[in-house]
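Biologist: I would like to take a careful look at one part of this protein, and I would be grateful if you could lead me through it step by step.

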Amino acid sequence: MRYAFAETAETMAAFVDAWHAGRVTRAEWTHGAHVAVCAWHAVGRDPEATFVSMKAGILEFARACGIVHTPTSGYHETLTRFWTLVIVAHVQASGATSRWDAVRVALDRFGEDRDLPRRYYSFDVVGDVRARAEWVPPDRTVDGLPEAVSASCQACA
C-alpha cells in the first residue's frame, strides 16, 4: 500500500508536524496515519510514554476537527492503548532505530490491518461503551500477540 504522507522521511515528518499543529483533516487521519504517527512516537519511548503522547495528540486532533466525544463516538481509550502496545512492541522487536524505519515497519505490518483488535476481543470492542471510556484488556489469547503486549495489557488493567 502506498501512503502519500509516508512517501519519504521528510513527508512523514511534515505530516506529524501538521498533525500536532491541528492541520490534518479527518479524511487524512486514516488507520494508516494512526499507525504511522504512533510508530513515529514509539522510537526511544516506552509504551506508556507513547500512549500518553498519542492520546493527547488524538484528543487535540479531535478538538481541531470539531469532533464531539460521546459514549458512542469520538476518542476510544481501549483502541488507542491496544494499538500503542502492539505498535511499540513491533517497532522494538524490529530493531528500528530511526523514526522513519519505525514508520515503514509498522505500516508494512499494520497499515491495512484495522481489524486486528477484533481478533483479541470476544465482544465488539469498537462499539463497546465501556471500552471507549476506559482501558479493557484483550480477553482472547491468540497466537501472534507479542509477549510484551500481553504483559503490558495485564499491567495496564
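**A close look at helix H3**

Biologist: Which residues of H3 are buried, and which helices do the buried residues of H3 pack against? Please also tell me about the ends of this helix and its charged side chains, and then place it within the whole protein.

Modeller: Keeping in mind that this is a predicted model, let us begin with the buried residues of H3, which are Thr50, Phe51, Ser53, Met54, Gly57, Ile58, Phe61 and Ala62. Because these residues cover an arc of only 165 degrees around the axis, they lie on the same side of H3. A general feature of such helices helps here: an α-helix has 3.6 residues a turn, so residues three or four places apart point the same way. As for the partners of this buried side, the buried residues of H3 pack against helix H1 (9-20), helix H2 (31-42) and helix H4 (77-94).

We can also check the length of the helix, which runs over residues 47-65 and so has 19 residues. At 1.5 Å a residue, helix H3 should span 27 Å, and the C-alpha atoms at its ends are 26 Å apart, which agrees with that expectation. At the start of H3, the backbone nitrogen of Glu48 has a side-chain oxygen of Asp46 within 3.1 Å of it. After the other end of H3 comes Gly66, whose phi is positive, near 75 degrees.

Now for the charged side chains, where the general idea is that side chains of opposite charge can pair when their charged atoms come close. Lys55 forms a salt bridge with Glu77, with 3.1 Å from N to O. This pair links distant parts of the chain, since Lys55 belongs to helix H3 and Glu77 to helix H4, 22 residues apart. The two partners can be compared with the cut-off in mind that a residue is buried under 20% relative accessible area: Glu77 is buried, with a relative accessible area of 10%, whereas Lys55 is partly exposed, at 27%.

A second salt bridge stays within the helix, joining Arg63 to Glu60, and here the closest N and O atoms are 2.5 Å apart. Arg63 and Glu60 are three residues apart in helix H3, which means that about one helical turn separates them. Of this pair, Arg63 is exposed, with a relative accessible area of 55%, while Glu60 is partly exposed, with a relative accessible area of 33%.

These two pairs belong to a wider set, for a search of the whole structure finds 10 salt bridges. Another of them joins Arg119 and Asp113, whose closest N and O atoms are 3.0 Å apart, and salt bridges that share partners join Arg109, Asp113 and Arg119 into one network. Within that network, Asp113 counts as buried at 16% relative accessibility, and Arg119 is partly exposed, with a relative accessible area of 37%.

Finally, we can step back to the whole protein, whose secondary structure comes to seven helices and zero strands. Buried residues make up 44% of its 157 residues. Among the contacts between residues at least 6 apart in sequence, 64% join residues at least 24 apart. The protein exposes about 8,000 Å², and carbon and sulfur atoms supply 52% of that area.

Note on methods
Residues numbered from 1 in each chain as written. Predicted model: local features only at pLDDT ≥ 70, side-chain atom pairs only at ≥ 80, totals over all residues. Heavy atoms only, no water. Helix = DSSP H or I, 4+ residues; strand = E, 2+ residues; numbered from the N terminus. Expected span 1.5 Å × (residues − 1). Buried < 20%, exposed > 50% of the residue type's maximum accessible area, 1.4 Å probe, protein only. Arc of directions from axis to C-beta. Contact = heavy atoms within 4.5 Å. Polar contact = N/O pair within 3.5 Å; in protein donor to acceptor, adjacent residues only side chain to side chain. Salt bridge = Lys/Arg side-chain N within 4 Å of Asp/Glu carboxyl O. Areas by Shrake-Rupley, 256 points an atom, 1.4 Å probe, with all protein chains shown as cover.
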